Structure formats: structure tokens, C-alpha cells
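Work through the exercises below with the sequence and the model side by side. Try each task yourself before you read its solution.

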Amino acid sequence: MFYKKQIEGKDVYYSDMIETEHFFTSRDLIVKDNVELVSEYLNIEPKNLIHPTQTHSDNVKIVEKNKYSYDNTDALILTEKDMAIYLNFADCTPVIIYDYKNNIGAIAHAGWRGTAERIAQKTVLRMQKEFGTLPKNVVAAIGPCISFDEFETYPDAIKRLRASINKVETPYFKENRVDLKGLNKEQLNEIGVFDVDICPYCTVRDNDKFFSYRKENKTTNRHSAVIKLR
């Protein structure tokens, strides 16, 4: 279940399923403009708050000590305890992933293209390959994004999204609308990740809390997903 906390009076949202420091920010807290504040809250050096250059790819990279730049990257895996990562969103689906046995975290940026390419699923599989993560020990939190009712898209996108899961009949499609939260959950379920918490908020409907690229005429403002290891 999701619940709200505050950082210096700014609203952030947590999942009670993930037992390490993490949160989804709101309109109140734009991380890139508040690096010092967020770093102090996380008790890390500002330079160790890592953000990749996001390009709607399916590229998954592992954060390295003393490396601060990650180009063309839409999922980061974190193993360093004195570092943290954040990715930005404004309708796309944020997925925070945590292997509680090995204390390894990740964030995936799953817009419709990332969802079609199964980026959250690929992130877990990369954790499994590199660090021995078992899907049964993974908890995921799907944060605020555009909702089923609001995400209307075109036939080619729907075709690609349908191909991203094994099930033929699903509740995730209705006419020209798609449930991105549901699809990401289904993709994780398919590889054995069943502990998935889904945020109830919609970036369009709850635009007073979160940014929406669609509703706000291609706004460049972004809320974020953040994780730091215990």
C-alpha cells in the first residue's frame, strides 16, 4: 500500500512493501532542482545522487563506483550503499525494484515504448544474471503514471504492447486504451515477481499532485522515483 510522507514539507509517496529508502516525488519536489535537499535527506554526497540520460530505450545499466554519467539509459541497477539513483517521469510508468535478500535496487522508466520492450522485466533478469537475484525475493512498486482511462494510443503501439505479454486475453486493453500499470505488473508476474504494489494515482486525473506531459501541453517538469539501499 502507498502512503504519503514529507521531506521538508514536500509531499513524497512510499510503498510499504519495499524495505529500503525509496520514494516517488510529487509536484512539490523536483529532484534536479533540489539535489542538495534530497542528498542531505538520504545522507549521501550530492555527486552520488545519480540520474541517467533517459531516451525511452530498453537499456539497463549498473551503477559503478565513481561513475556519474549514464547515457541512453532507462533503467539503473544500484548495488552501492553510499549512492542513490533517481529517474524522471511525467505520465510514463515508474517501477522501483528491490531484491531484499541481496539488498540490490533498481528503477525502470517504462513509457509505452519501454513497456513494449519489457524494460522492468529485463531489469530483474539483468539483476538475476549479474547478481543472482531470485525473482521470488523481489518486490516492485509501480508509481504514479497515466491511468487506463486516460491513456489512449494508436494501433501500432497497441499491437506492440499486446506482444509484450504472453496472455492473449487480458483486462489491460479496451478499444484504443491501455493499462500500463497492469502490463508492467503482468510482465513481472511472468518471470516470477509477484509482490507488486501499484500506486492508485493517475498523473492526468491527479494532476494537482503530479506532472502530466499530456495534460500540461508537453511540460518539461518531472516528478521522480528514488531509491537508496539500506
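**Exercise 1. Classify two aromatic pairs and say how accessible their members are.**

The structure holds 8 aromatic pairs, where rings of Phe, Tyr and Trp (its six-membered ring) pair if their centres lie within 6.5 Å, and where planes under 30 degrees apart count as stacked, over 60 as edge-to-face and the rest as tilted. This is a predicted model, in which local features need pLDDT of at least 70 and side-chain atom pairs count only at pLDDT 80 or more, while totals for chains, interfaces and linings use all residues. Residues are numbered from 1 along each chain as its sequence is written, and side-chain values use heavy atoms, with hydrogens and water left out.

*Solution.*

Step 1. The ring centres of Y13 and Y201 lie 5.3 Å apart and their planes meet at 65°, so this pair is edge-to-face.

Step 2. Now place both residues: Y13 belongs to strand β2 (residues 10-15), whereas Y201 lies in the loop between β13 (195-198) and β14 (223-228), so that the pair links parts of the chain 188 residues apart. Helices (H or I, at least four residues) and strands (E, at least two) are DSSP runs, numbered from the N terminus.

Step 3. Turn to accessibility, for which buried means under 20% relative accessible area, exposed over 50%, and partly exposed in between (1.4 Å probe, protein chains only). Y13 has a relative accessible area of 3% and is therefore buried, while Y201, with 22%, is partly exposed.

Step 4. Repeat the procedure for W112 and Y154, which form an edge-to-face pair with 5.9 Å from centre to centre and 80° between the planes. W112 is in helix α2 (residues 112-116) and Y154 is in the loop between β10 (138-142) and α4 (155-162), 42 residues apart. Because its relative accessibility is 12%, W112 counts as buried, whereas Y154, at 41%, counts as partly exposed.

**Exercise 2. Which residues do ring pairs link into a cluster, and over which ring does the charged end of K5 sit?**

*Solution.*

Step 1. The cluster that ring pairs create consists of Y3, Y14, F23 and Y41.

Step 2. A charge sits over a ring if NZ of Lys or CZ of Arg is within 6 Å of the ring centre and within 35 degrees of the ring normal. The charged end of K5 sits over the ring of Y14, 4.6 Å from its centre, and that of R162 sits over the ring of F173, 4.2 Å from its centre.

**Exercise 3. Describe the surroundings of strand β3.**

*Solution.*

Step 1. From strand β3 (residues 22-25), H22 and F24 point one way and F23 and T25 the other way, and all are buried.

Step 2. Strands of a sheet pair through backbone hydrogen bonds, either parallel or antiparallel. Two strands pair here if DSSP finds at least two bridges between them.

Step 3. β2 and β3 pair in the antiparallel sense over 2 bridges, with V12 opposite T25, and they form a hairpin with 6 residues between them.

Step 4. β3 is also joined to β14 by 3 bridges, again antiparallel, and here F23 stands opposite V226.

**Exercise 4. In what order do the strands of the open sheet lie, and which helix packs on the sheet, touching β5?**

*Solution.*

Step 1. The open sheet has 6 strands in the order β5-β6-β9-β8-β10-β13, with mixed pairing. Its edge strands, each pairing on one side only, are β5 (60-62) and β13.

Step 2. From one strand to the next the twist averages 15°, where axes are lines fitted to C-alpha atoms, for helices over the stretch in contact, and angles run from 0 to 180 degrees between N-to-C directions.

Step 3. Within the sheet, strand β8 (residues 93-99) and β10 run antiparallel and are joined by 5 bridges, and D99 stands opposite V138.

Step 4. Helix α3 (residues 119-131) packs on the sheet and touches β5, β6 (75-78), β8, β9 (104-110) and β10, where contact means heavy atoms within 4.5 Å. The direction of α3 makes about 155° with that of β9. Helix α5 (residues 180-190) lies across β8, β9, β10 and β13, running at about 175° to β13.
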